[in-house]
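Thanks for asking me to look this over. Below are my notes, point by point, so you can follow along with the structure open beside you.

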Amino acid sequence: MENKSQNSKLNKIAYYPGCSLNSTAIDFNVSTKKLLKILDIEFEEIEDWNCCGTTPAHNISEELPIILSARNLLLAKGMGYEDILSPCVACHNKLHKASKIINSDSELKNIRDEKIRNSVFEKLEDMGFDCNQSFNFKTYSIVQFLFIKKDLIRQKYEELKNKIDTEVKLPILKNLKPVCYYGCMLLRPKNSIKFDDPENPTSMEEILREVDIKCKEFQFKTECCGAILSLTHKKAVLELSKGILEEATDSGANSIIVFCQLCQQNLDMRQQQINKYYKESYNLPIFYITQILGLALGLSYKDVMIDKLFVEPKYLKESNI
Amino acid sequence: MGNIDKKFKKIKDDIQNFIEPNIHYCYQCGKCTAGCPLASDYKYKPHQIIQLIKLDRIGSIINSNSIYLCISCEICSSRCPQDVNVSAIMNYLRVKGWQMGIYKIPNISIFYKLFLRIVGKLGRSYEPALILGLNLMSGKLFNDLDIAFNILRKRKIKLLPEFVKDRKKINQILKKYI
């Protein structure tokens, strides 16, 4: 089977959307796919992918999340890919951990980890996969991937600049004064993902600089939003997310750019509840980085599904796009 | 030594030998607790949990709320000057609590079971069933009705479930853990 991943330039990758990207984070999914197309990246969705189990699987068993993610890795391998792009940070975290357990050149820490690997292989063989081969999976989150493609983004931007009349540049971009919010999952633990800085990351800002977007300084880049507690302990999320909105406002921003759909939903969907509970009047649109990049590279508001935002940008109501 | 004490002793040994041998280097600086977003809700704070392990008080930890509220944000591990992976320890204790049938926060335990049962049946998550199920089981039927209304209005949810072809095999595996 042709190994499509031999291409070290990462122009062909497997795509793992995960469950929420098909549902409540559809805007993230669509804007990402459209952005990849503009960048001439070929991607194939992993056929018959399964849920990675995310927090529930991770919190009740050590093996289960690895088995669930390993199945997706092996499905990708069956399609000829060992490079996998996973926009959902939680899914990426699980895929990455699974790849570290089953990759052939992975040094396992101790006999316990080896036991886990053997048990995982056993379950995969039960499912009909051939584990007697060499594995060299590399998993990418969207920010890591876009960071690698920074130069390409700049190149495309320069090409389009001459075609797009800058006077009619989309109002959202013209008036954008964003801060970048990274959340928890991607950058920690620092020894695992080995990308950017877990205390003061700058990768998003550097990517956005390639399309001439300047971000404000922000002290809460990696403060937790409350994540999955949104479903069981709402108050904690309201408090944590309020802190982020407050700090963004104090930093002089009028919007927040994110790459995690759980963060996006906590900050966007719950903004009205936060306003009510804390008697505030925050009005900060929470954009996905793929939406902003897409707009900068010529996509329309409809293309990147701006209308799915709960807190709509003012300019959206004013313009007719 | 009673049966449960043996189990707790094994947990302590596993932590010190395999999960995080660096636990010996903890000098109780408290940076983990200072960074933890939920520490104010914990009965025992992260740095106290490290000490409780060393003092053979695994039972106290597993029977209190901290490890079950923890959201694995990993700020604790990230900040530790002695490279103690506090998060891995919290996770291991949490998994053990589940395996022993002790999960101190009913809402969360209901959520996990519901989530994984749906994944078992379909192979993927199905948000409408998850949200409805949670509201029903937690007794808060009208919880977040405002958000649900907006989600439907903006068509931001997949109303039809998706099925994985190999879901039976996935379910067989899941059933062993739930």
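1. Confidence first. Within chain A, strand β3 (residues 83-85) has the highest mean pLDDT of the elements, 98, and helix α15 (residues 314-318) the lowest, 63. Please keep in mind that this is a predicted model. For chain A as a whole the mean pLDDT is 91, and 93% of the residues score at least 70.

2. The layout of chain A. The domain assignment splits chain A into domain 1, covering 4-140, and domain 2, covering 163-318. Measuring between C-alpha centres would be a natural thing to try on screen, and the computed separation of domain 1 of chain A and domain 2 of chain A is 26 Å.

3. Where the two domains of chain A meet. Domain 1 of chain A puts 19 residues in contact with 20 residues of domain 2 of chain A. On the domain 1 side, α1 (26-38) and α4 (89-102) of chain A each provide at least two of the touching residues. Which element gives the largest share of that side? It is α1(A), with nine residues. Sorted by class, the domain 1 side comprises ten nonpolar, seven polar and two charged residues.

4. The four-stranded sheet of chain A. This sheet is open, its strands are ordered β2-β1-β3-β4, and the pairing is parallel. At its edges you will find β2 (42-45) and β4 (138-140) of chain A, each of which pairs on one side only. Ignoring direction, neighbouring strands of this sheet are turned by 35° against each other on average. To see one pairing in detail, follow strand β1 (residues 12-15) of chain A alongside β2(A): the two run parallel and are joined over four bridges. A14(A) has E44(A) in β2(A) as its bridge partner.

5. The three-stranded sheet of chain A. Here the order is β5-β6-β7, again in an open sheet with parallel pairing. The edge positions belong to β5 (178-180) and β7 (286-288) of chain A; each has a single partner strand, so one side of each lacks a neighbour in the sheet. From one strand to the next, the twist averages 30°. Three bridges link β5(A) to strand β6 (residues 255-258) of chain A in the parallel sense. For C180(A), the bridge partner in β6(A) is I257(A).

6. Helices against that sheet. Helix α12 (residues 261-268) of chain A lies across β6 and β7 of chain A, and runs at about 160° to β7(A). Helix α14 (residues 289-296) of chain A also packs on the sheet, where it touches β6 and β7 of chain A; its direction makes about 70° with that of β7(A).

7. A helix pair worth a look. How do α11(A) and helix α13 (residues 271-278) of chain A pack, in angle and axis distance? The angle is about 95° and the axes are 10 Å apart. That angle is why α11(A) counts as roughly perpendicular to α13(A). From α11(A), the contact uses L238(A), S241(A), K242(A) and L245(A), while α13(A) brings Q271(A), Q273(A), I274(A), Y277(A) and Y278(A). By class, this contact between α11(A) and α13(A) has five nonpolar, three polar and one charged residues.

8. The contact between the chains. Chain A contributes 38 residues and chain B contributes 42. On the chain A side, two or more residues come from each of α2 (54-60), α3 (64-78), α5 (111-126) and α11 (234-250). The biggest giver is α2(A), with five residues. The chain A side divides into 21 nonpolar, ten polar and seven charged residues.

9. Chain B itself. What does the secondary structure of chain B come to? There are eleven helices and zero strands. Taken along the principal axes, its C-alpha atoms fill a box of roughly 55 × 35 × 30 Å. The domain assignment of chain B gives domain 1 (3-99) and domain 2 (106-175). The C-alpha centres of domain 1 of chain B and domain 2 of chain B are separated by 30 Å.

Note on methods: Residues numbered from 1 in each chain as written. Chains lettered and ligands numbered in written order. Predicted model: local features only at pLDDT ≥ 70, side-chain atom pairs only at ≥ 80, totals over all residues. Domains from an automatic or database assignment. Contact = placed C-beta atoms within 7 Å. Nonpolar A, V, L, I, M, F, W, Y, C, P; charged D, E, K, R; others polar. Axes fitted to C-alpha atoms, helices over the stretch in contact; angles between N-to-C directions. Parallel < 35°, antiparallel > 145°, perpendicular 65-115°, else oblique. Pairing = 2+ DSSP bridges. pLDDT = per-residue confidence, 0-100.
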